[in-house]
Amino acid sequence: MRIAVLSDIHANLVALDAVLDALGAVDAIWQLGDVVGYGPEPDGVVDRLRERGAVGVRGNHDAAALGGPEIEYFNPDARRAMEWTRRTIGPATRRWLSGLPERLIEAPFTLVHGSPRDPIWEYVTTAPVARRNLEALETPWGLHGHTHLPSVFRDDDGRTELLSPSDRSSIGLDRRRLLVNPGSVGQPRDGDPRASAVILQLDDETVTATWHRVAYDIAATQARMRRFGLPGRLVERLDYGL
Ligand code: ZN
């Protein structure tokens, strides 16, 4: 069984299509939230995920797009983009986003956007925060996004180690509890502007996670953002992956 794990697509349809193309045939698509926000094609991304039968969870931007109070915590650029998103999305997108739960268990994995204990908001960026979340996890392994940084936090005999996977990095999942972050499809922030995603390969006795970085036509996404008057800083950051 081959599963694509995608997070923080952020209405970047050009990046999503490049990733789906590059990953090829998969048995399932799991998305970890922030489907919309920042980017120029919220309806297009939701249509594509619906067509492909993706399942997944709600992020802080998805909640804000539905009118939630999350927008109050956004910086000015994110807020402007969210106001545009709210005006732009159609009823089908709204319905699909409303159906996303905050947590989804696909045993032996738990899917969340932020963290297992605070699925909408918490950023897991440090070992102490990761440790408390590994303890809160109801399944052996967790999948999360929100930081836009590819990472693994793994419990190693009470010590929490952090791995920072790059393109084609692969890890075997074993008895150790861990949190896997595939990085961001639509707005990477680790200094590599290529879209980031994970393939989970589940065989009879082994489970492997492999990170993939996929180049996409950044200028095409930027042109659409400019056309819709989205904030310049959000347009430019796609060039740098920051
Ligand atoms: Zn995000």
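Visitor: Why does Ala25 count as exposed?

Guide: In this predicted model, Ala25 has a relative accessibility of 70%. A residue is called exposed when the value is over 50%, so Ala25 counts as exposed. Ala25 belongs to the loop between helix 1 (13–23) and strand 2. The C-alpha atoms of Ala25 and Ile3 are separated by 9.2 Å, and the two residues are 22 residues apart along the chain.

Visitor: Why is Asp17 called partly exposed?

Guide: The relative accessible area of Asp17 is 27%. Buried means under 20% and exposed means over 50%; the value for Asp17 satisfies neither condition, so Asp17 is partly exposed. Asp17 is part of helix 1. Between the C-alpha atoms of Asp17 and Trp96, 79 residues apart along the chain, the separation is 19 Å.

Visitor: What makes Asp8, His10, Asp34 and His148 donors of the zinc ion?

Guide: For zinc, a donor is an N, O or S atom within 2.8 Å of the metal. The OD atoms of Asp8 and Asp34 and the NE2 atoms of His10 and His148 lie 2.1 to 2.3 Å from the zinc ion, so they meet that limit. Along the chain, the donors have the spacing D-x1-H-x23-D-x113-H.

Visitor: What does the pair Asp34 and His148 tie together?

Guide: Asp34 is found in the loop between strand 2 (28–31) and helix 2 (42–51), and His148 in the loop between strand 6 (141–143) and strand 7 (151–156). The pair therefore ties together parts that are 114 residues apart in sequence. Asp34 and His148 are both buried.

Visitor: Why is the site of the zinc ion called irregular?

Guide: The angles among the 4 donor atoms run from 84 to 179 degrees. A tetrahedral site would need all angles between 85 and 135 degrees, so that name is excluded. The site of the zinc ion is classed as irregular.

Visitor: How do you know that strand 1 and strand 11 pair?

Guide: Two strands pair if there are at least two bridges between them. Strand 1 (residues 2–6) and strand 11 are joined by 4 bridges, so the condition is met. These two strands run antiparallel, and Ala4 stands opposite Ile199 in strand 11. Strand 1 is also joined to strand 2 by 4 bridges, and there the strands run parallel. The bridge partner of Ile3 in strand 2 is Ala28.

Visitor: What makes strand 11 and strand 12 partners?

Guide: Strand 11 and strand 12 (residues 207–214) share 8 bridges in the antiparallel sense. They form a hairpin, with 4 residues between them. Thr210 in strand 12 is the bridge partner of Ile199. Of the 8 residues of strand 11 (residues 195–202), 6 are buried, and the strand is mostly covered.

Visitor: Which strands stand at the edges of the open sheet, and why is one side of each left without a neighbour?

Guide: The open sheet has 6 strands in the order 3-2-1-11-12-9, with mixed pairing. Strand 3 (55–56) and strand 9 (170–173) stand at its edges; each has a single partner strand, so one side of each has no neighbour in the sheet. Strand 9 is joined to strand 12 by 4 bridges and runs antiparallel to it, with Val207 in strand 12 as the bridge partner of Leu173.

Visitor: What makes the side chains of strand 9 alternate?

Guide: Ile171 and Leu173 point to one face and are buried. Ser170 and Gly172 point to the other face and are not buried.

Visitor: How many residues of the lining of the largest cavity are nonpolar, polar and charged?

Guide: The lining divides into 4 nonpolar, 6 polar and no charged residues. Among the lining residues are His10, Tyr38, Gly186, Met225 and Leu238. Helix 7 (218–227) and helix 8 (232–240) each contribute at least two residues to this lining. The volume of the largest cavity is about 40 Å³, and the structure holds 1 cavity of 30 Å³ or more.

Visitor: What makes the largest pocket a pocket rather than a cavity?

Guide: A cavity is a space from which the probe cannot get out, whereas a pocket is open. The largest pocket has a volume of about 150 Å³. Its lining includes Val124, Leu149, Phe153, Ser164 and Asp190. The residues of that lining divide into 6 nonpolar, 4 polar and 1 charged.

Terms used. Residues are numbered from 1 along each chain as its sequence is written. This is a predicted model: local features need pLDDT of at least 70, side-chain atom pairs count only at pLDDT 80 or more; totals for chains, interfaces and linings use all residues. Side-chain values use heavy atoms; hydrogens and water are left out. Donors are N, O and S atoms within 2.8 Å of the metal (3.2 Å for Na, K and Ca); water is not among the atoms, so sites may look incomplete. Four donors count as tetrahedral if all angles lie between 85 and 135 degrees; four count as square planar and six as octahedral if opposite donors are over 155 degrees apart and all others between 65 and 115; anything else is irregular. Buried means under 20% relative accessible area, exposed over 50%, partly exposed in between (1.4 Å probe, protein chains only). On a 1 Å grid over the protein atoms alone, a cavity is a set of points where a 1.4 Å probe fits but cannot get out, and a pocket is an open set with protein on both sides within 12 Å along at least five of seven lines; lining residues have an atom within 4 Å of a point. Grid points are joined across faces, edges and corners, and a volume is the space filled by probe spheres set on the points. Ala, Val, Leu, Ile, Met, Phe, Trp, Tyr, Cys and Pro count as nonpolar, Asp, Glu, Lys and Arg as charged, and the others, Gly among them, as polar.
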